[in-house]
Amino acid sequence: MRPTDLSRRDFLQAAAAAGVVAAVAPLGMARAAVQGGRFVPPSGWYDGQRARFRADGMGKVTGEKTFSIDIRARDMPGWPDSQSHAFLLRAARTDRVFEGITLDPLEPGLRPDVLITAEELARDGVAMVEPDFYGALLLRAGTAPVYLGQPLALLVYHDYARFRLAKRRMKFNEDGVRYGAPVQEPDRAPYGGARFVRIGGGTPVARDVFSPLKDTVLFANFDKKRSIWPVPDEAGDAGQRAMAHAEALRAELETPPEGWQVFRQRYSSQYIDPAAMEMDNGNAWYDEAGERLHVVTGTQSPYTNANHILQMVSDSHFGLRELKFHAGYTVGYGQKEHHAFPYYVAMAALYGQGRPVRLALDRWEHFQTALKRHPFDIETTIAVDFETGQFRSLAADLEGNGGGVRNFSPSVGQVAATALQSIYYFPQSDLAVKVAATRAPAAGSMRGYGTTQSMATTEMLVDEIAEALRVDPIELRRRNVFRSGMKNTQGAIPAGHLRIDELLEAAGRDPLWTERRSAKLAYDAAHPGHLYGVGFAAVQKDYGTGAEAALCQIEIGRDGKVTLRHVASEIGCGSTTSQMLVPRDHLGRPADAAEFAVVDWPDLPLTSNDEPYTMSQEDQDAAKADPHWVPRITSPRSASNSAYYFSHATREAARILFEEGLWRAAVSIWSEGIGGGQARPLVVRRENAEWRDGQLVAGGLEPLDIGRLAQRAHDRGFVTGVTVHTFNRWAWATAEFDLPGGRRLEAPIDALSLRYGDGNAQRQAADLSERGYRFLPRRRVSYPPVQRTNAAVVYYAPVATMVELAVNAGSGEVTILSHKSWMECGNMIVPELVSGQLQGGIAMGIGHALYEDMPLYEDGPGNGTWNFNRYRLPRARDVAVWTQEGQVLPPTSRDDPPKGIAEVVMIPVIAAIANAVHDATGARFRHLPLTADRIREAIT
């Protein structure tokens, strides 16, 4: 479960309460790089069968300013041409009291035009919202820094030359910061802890004795850094019963039954930077006379950022009547989800003296401050039936390091724990996790969200178990694979047909695997001093957050052109391209024009308390009586949620538009003429309809092009526009709606409005929206019960990876010779985007396995001296660019929904490399990364 993002309604309500006109819009729309407020892709992007290139790709490669890092004041309509610049001073140590800033290192000509410290912010009433989550804006003098890299002051310059010289002078220079008395690091309690206990029934499908879904998830209290759990009691409340089961499970692992063999190992993963090519940046202008604030930045959570900016200045002396927040395209790997940087951009503008201020980090600063991937220490215990190789029990203790501010650390820990089972079924399990607060720069929601750290270790341990049992590693996996209908460690049954065993079967018969022993003998003989090895791993990862919501509107004009409006925004994965393609399944063509990151939805007026994770069942049952109420307005752009969840909303809108508009138009055309027309002698069924070569065909009837159908739909007053809202809490909400003519619509949506063609009397109704939509109150709605939140995950995407490598026996250096991956992701919307995700994810996983690492504390990035000269990323030569293969299982049906794969693709290669290095050298490695030095020390 990931935390709730701010909804559109929360944002607009907060703005209204503050008396502010507020809007969030894509950067391109702000710069008028659209046609009529809509994005229109270039001619030729779609060839009638597939996307030839990304819908947004042409603008990117021809130099359009789509990223906020490219923006200067002169690029924004209505802004002054003058451009100021700013940089932050940060703490490079935490062991002494911060006494204040000194400008002594700067000669008078390089002093800032504006210096902002915590004292100025306090004087002016500017404060960070949720400082426990983000940290304070600036540290007060007289207090010690809590973490390395903590912001101390902002310096603003009105000319670029002085800014560059001053920033260069202050870089790597601690003389600008005054420190006082030494202090001890505070003994802070962990950010959070949780425990997931499941005791299954007699069979995988039997009712569980205890599970998080059926009973409860445990959340820890703390005595300093020690987790405090309920007192075990078999007859007590749910928490006490959970602990009684957990203690019994742990005791059984210490004195296992006859025939069991217990394997226990400790693993650790490193501290990793997301290394996004676009560093944190932004440009903002505060128009003091007009009390308007304009902000341009890159972010994955624009509505939350905009709302927090409103609150940041709500009690200040800065007047604010209008806020315009523009999010550029970005690629952040989760690092830009709920990060603090946009608030510093806004803060800089407030003190810009009427000039736009650009705050853009260089790579050293980005290393110092960007949210990191949590390092984890994990101890995992697996009990195995020695004769059958069946896994009998699982226990694990995970401890993450969240750094200096809380951010998403509690949630990342929970996701790491629930993912640890990987692809295996365990009859019973006890998974405990906590995430520590330390002085390291903060960790957050980086790609993988905890699963990268936990699942890789399970795959390494399973290989070790296979070796001890003298069983083929893939065969052992197949004996224990998680199959359809089984329960996960939360007691939930995953969605649909689990096909991970098909991936294992394909990998097990691949010549790279079956011939690996003879290949090793041949390679080692032909390459003296080098050791050949093959390794394998397979994982399945969740996608979605457990409270996914989306809004989508699709319209068709008289000319047959399709227009899409959607909450989706582009963060680099190609979601805007894919969403434009989704309508073709029902409408025979992709969207011709689109609006993305849409905030305002007057055609579907909704309300929400936006508490989908925490509301009670009683509150939900009472609230749903209001047909305008939904549990959540929309979701953040994260958790690989576009392909499945956002596409569901798009697909449902397109389906309703087809069935209530185009299909009815087709039937009316086919039925024209004496005796019921050409349709009367035939059987006309909706399920026989399909689009072929741009025309609708069905059962031998006349093919009809979309232009003719659209014209008829408008003339006859059929549906020509659909707006839907969808909600998923590990299952879809469904609702029934009454349609004109006594017909009834049931669909996996929870709110609906329709627009009719000119020939419908409903077009004259008084209750229509300005754009002609009528809200249809649902007559019945079924929401997934709130207890289902404890399922933690039911949607899985599996990937398996095999790696062939060689280890230099003298240096310990690893060379990836080739790698193969097998994936199951339903029906792909854009196969090229799936391929790109797979290739990029594997490259990132190789970096995690072999190269990327940083010290956590004083010698690490928090001291401001880290860059790519010290941080080793994989290069093209490291990732076997020309010898990689990827295979995707064909879908089981044409209706298989697409799955979110943006995160899972990077995980199995990590363990596959570790297992391959063992195969090559005979040494086991349990601490990542597997650097050349570590390997050399182990084998020499």
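## A walk through the predicted model

Just after helix α12, R470 takes a positive phi of about 60°. Keep in mind that this is a predicted model. The helix before that residue, α12, runs over residues 451–469. Its 19 residues reach 27 Å from the first C-alpha to the last, close to the 27 Å expected at 1.5 Å a residue. Of those 19 residues, 17 are buried, so α12 is largely enclosed by the rest of the structure.

Now for the nonpolar core. The largest one has 230 residues, and the members that touch the most others are F536, L752, L805 and I913. Helix α20 (residues 642–670) gives the most to this core, with 15 residues. As for F536, its contacts beyond four places in sequence include D463, I474, W513, M802, W822 and N915. Apart from the largest core lies another, of 18 residues, with F87, F98, I101 and L106 among them. As a rule, nonpolar side chains in soluble globular proteins tend to be buried together.

Next, a small sheet. Three strands form an open sheet in the order β23-β24-β25, with antiparallel pairing. The edge strands, β23 (690–692) and β25 (704–705), each pair on one side only. Between β24 (residues 695–697) and β25 there are two bridges, and L696 has L704 in β25 as its bridge partner. Helix α20 packs on this sheet, touching β23, β24 and β25, and its direction makes about 70° with that of β24.

On to charges: the structure holds 73 salt bridges. Here are a few of them.

| Pair | Closest N to O distance |
|---|---|
| R93 and D95 | 2.8 Å |
| D603 and R771 | 2.8 Å |
| E736 and R780 | 3.5 Å |

Which parts does the D603 and R771 pair tie together? D603 lies in the loop between β22 (593–595) and α19 (617–623), and R771 in the loop between β29 (751–756) and β30 (773–776), so the pair ties together parts that are 168 residues apart in sequence. D603 is buried at 3% relative accessible area, whereas R771 is partly exposed at 31%.

E736 sits in strand β27 (residues 734–738) and R780 in strand β31 (residues 778–782), 44 residues apart. Here E736 is buried, with a relative accessible area of 13%, while R780 is partly exposed at 31%. Both belong to a salt-bridge network that also takes in D738, R744, E746 and R779.

In the R93 and D95 pair, R93 is partly exposed at 26% relative accessible area, and D95 is partly exposed at 34%.

Methods. Residues numbered from 1 in each chain as written. Predicted model: local features only at pLDDT ≥ 70, side-chain atom pairs only at ≥ 80, totals over all residues. Heavy atoms only, no water. Helix = DSSP H or I, 4+ residues; strand = E, 2+ residues; numbered from the N terminus. Expected span 1.5 Å × (residues − 1). Buried < 20%, exposed > 50% of the residue type's maximum accessible area, 1.4 Å probe, protein only. Core = buried A, V, L, I, M, F, W, Y, C linked by side-chain atoms within 4.5 Å. Contact = heavy atoms within 4.5 Å. Pairing = 2+ DSSP bridges. Axes fitted to C-alpha atoms, helices over the stretch in contact; angles between N-to-C directions. Salt bridge = Lys/Arg side-chain N within 4 Å of Asp/Glu carboxyl O.
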